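Me: I would like to go through the surroundings of one ligand and ask what justifies each term. Here is the model.

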Amino acid sequence: MSTNIVKEETTSKKASNDLFESPDFYQIDDLLTEEHKLIRGSIRDFVKKEISPYIEEWCQNNHFPSEIVKKFGDIGAFGPTVPTEYGGGGLDYISYGLIMQEIERGDSGMRSTASVQGSLVMYPIYKFGSEEQRNKFLPKLASGEFLGCFGLTEPDHGSNPSGMVTNFKDMGDHYLLNGAKMWISNSPECDIAVVWAKNEEGRIHGLIVERGMEGFSTPETHNKWSLRASCTGELVFDNVKVPKENLLPGKSGLGAPMMCLDSARYGIAWGAIGAAMDCYDSARRYATERQQFGKPIGSFQLQQKKLSEMLTEITKAQLLNWKLGKMMDEGKATTAQISMAKRNSVETALNIAREARQMHGGMGITGEYSMMRHMMNLESVVTYEGTHDIHLLILGAEITGIPAFK
Ligand code: TGC
Ligand code: FAD
């Protein structure tokens, strides 16, 4: 197994303002290989050095740091499970999960940038693309030379993507693409977009749309209170001529984008627990430092209850994620199992962010600490890649055999 990730032991002393220490109450590290731990350590160091010192300013200023794309490429954060011959990491799903966990420990918006590129752009090109498409796009996406985005959601079709109206017509020597996508991560800065659209028979296909194609624009979405260091926008297609060689030939139908979502939702299950771990760690430290009524607030039972419950929920989610990762590696994980983990992790993280913020009192609403930012970010995470309700319905359909979507 090989990887372009720089493997080195974590050196937390390098970090100036980021004191994060990872909770591992059930010795889950024993389930990881040395390679897993080295990968996690190198990404943790990267986050401490390249994200933590700047993230508050980026978010306050609603700034997407475009230089992070190349840096993510350099540390192997893009397409960890894609084979090395195409520039990917050639790693297993536990490694992928750990990378997402560490990046989202820094910020969910940064994880969005990485998981869209890996799971939603590189994955479909690798899985459904031609050899020419793989060779043309994957190495550039892996290195961060190119940034990609994934266009499934439309203004009138979010939870119900099969109702999409974006469409393309066969014009003989090219396709003519029309329609619009909304809420697209990375769109304003993207070099390419993997776009899902219907052909004249109403069958969904994936098309690679490239920056510079006439009639293709990517207006930015403004005034977000969430994921402020990630850029979000629309994709607008006004009679865009797409070369025929840009259609993904390997799979059609809604199942194709849904397979990409399985991979991305898996990454979110790990990522959200990274955010939860950051909030817990901050609250644990604050509880021993902050004094009220002549003693540390951590000496009060109410605060101990909060910390105990946070650690319990994080530990349960860590075990769930690890087992899911093993099933992903064996090709046995189902969509419903992934839904359970995504839903559980995001709910856990949101609850922990809120409790941890309260434990910091007034200081918790400032940018001195990360909880408020995580909390606002997680409102997007609980909505995208399938809302909390949709994942509950996916589980409900699995349990009863009765889909309740319509
Ligand atoms: P349904 O009838 O269930 O299925 C239609 C066809 O699709 C197939 N299929 C799958 N195939 C493979 N893997 C999966 N996971 C699949 N799920 C479905 C299914 O077998 C069927 O195939 P066929 O051949 O029989 O036609 O579809 P439905 O229309 O009832 O919808 C089901 C529903 C609601 C669960 C689904 O559409 C859904 O999950 N909706 C949520 C939409 C969503 O998650 N959107 C995410 C957009 S991307 C995003 O948010 C990126 S944010 C990234 C970031 O910034 O980090
Ligand atoms: P709707 O589908 O309109 O849902 C509104 C409410 O109704 C929700 O609470 C939902 O749970 C509920 N609801 C809907 N249907 C049902 C039902 N059958 N039963 C019960 N309740 C239901 N999309 C992409 O394609 N690519 C991206 O890169 C991307 N990035 C995003 C980034 C951000 C910051 C955000 C916020 C979204 C992003 N999305 C992206 C879109 C995201 O996937 C959608 O917002 C999400 O799928 C929900 O769709 P919607 O917003 O249209 O809500």
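Me: What makes the pair formed by serine 185 and ligand 2 a polar contact?
Reply: The model is predicted, and in it a backbone N or O atom of serine 185 lies 2.9 Å from an oxygen atom of ligand 2. A polar contact is a pair of N or O atoms within 3.5 Å, so this pair counts as one.

Me: Why does the pair of threonine 387 and ligand 2 count as a polar contact?
Reply: An N or O atom in the side chain of threonine 387 is 2.7 Å from an oxygen atom of ligand 2. The limit is 3.5 Å, so the pair qualifies.

Me: Which atom of ligand 2 pairs with tryptophan 183?
Reply: A nitrogen atom of ligand 2, which is 2.7 Å from a polar backbone atom of tryptophan 183. With the cut-off at 3.5 Å, this is therefore a polar contact.

Me: How much of ligand 2 does the protein bury?
Reply: Ligand 2 taken alone exposes 980 Å², and the protein buries 68% of that. Ligand 2 also sits in the largest pocket.

Me: Which elements each supply at least two residues of the shell around ligand 2?
Reply: β3 (174–185) and α10 (388–400) do. β3 gives the most, with three residues.

Me: Which domains each give at least three residues to the shell around ligand 2?
Reply: Domain 2 (148–246) and domain 3 (255–400).

Me: How do the residues of that shell around ligand 2 divide?
Reply: There are eight nonpolar, seven polar and two charged residues. Asp389 is among those that come nearest to ligand 2, and Asp counts as charged.

Definitions and conventions: Residues are numbered from 1 along each chain as its sequence is written. Chains are lettered from A and ligands numbered from 1 in the order in which they are written. This is a predicted model: local features need pLDDT of at least 70, side-chain atom pairs count only at pLDDT 80 or more; totals for chains, interfaces and linings use all residues. Side-chain values use heavy atoms; hydrogens and water are left out. A residue is near a molecule or strand if one of its heavy atoms lies within 4 Å of it. A polar contact is a pair of N or O atoms within 3.5 Å; within protein, one must be able to donate a hydrogen and the other to accept it, and residues adjacent in sequence count only if both atoms are side-chain atoms. Accessible areas come from the Shrake-Rupley method with a 1.4 Å probe; for residues, only the protein chains shown count as cover. On a 1 Å grid over the protein atoms alone, a cavity is a set of points where a 1.4 Å probe fits but cannot get out, and a pocket is an open set with protein on both sides within 12 Å along at least five of seven lines; lining residues have an atom within 4 Å of a point. A molecule sits in a cavity or pocket if more than half of its atoms lie within 2 Å of its grid points. Helices (H or I, at least four residues) and strands (E, at least two) are DSSP runs, numbered from the N terminus. Domain bounds come from an automatic or database domain assignment.
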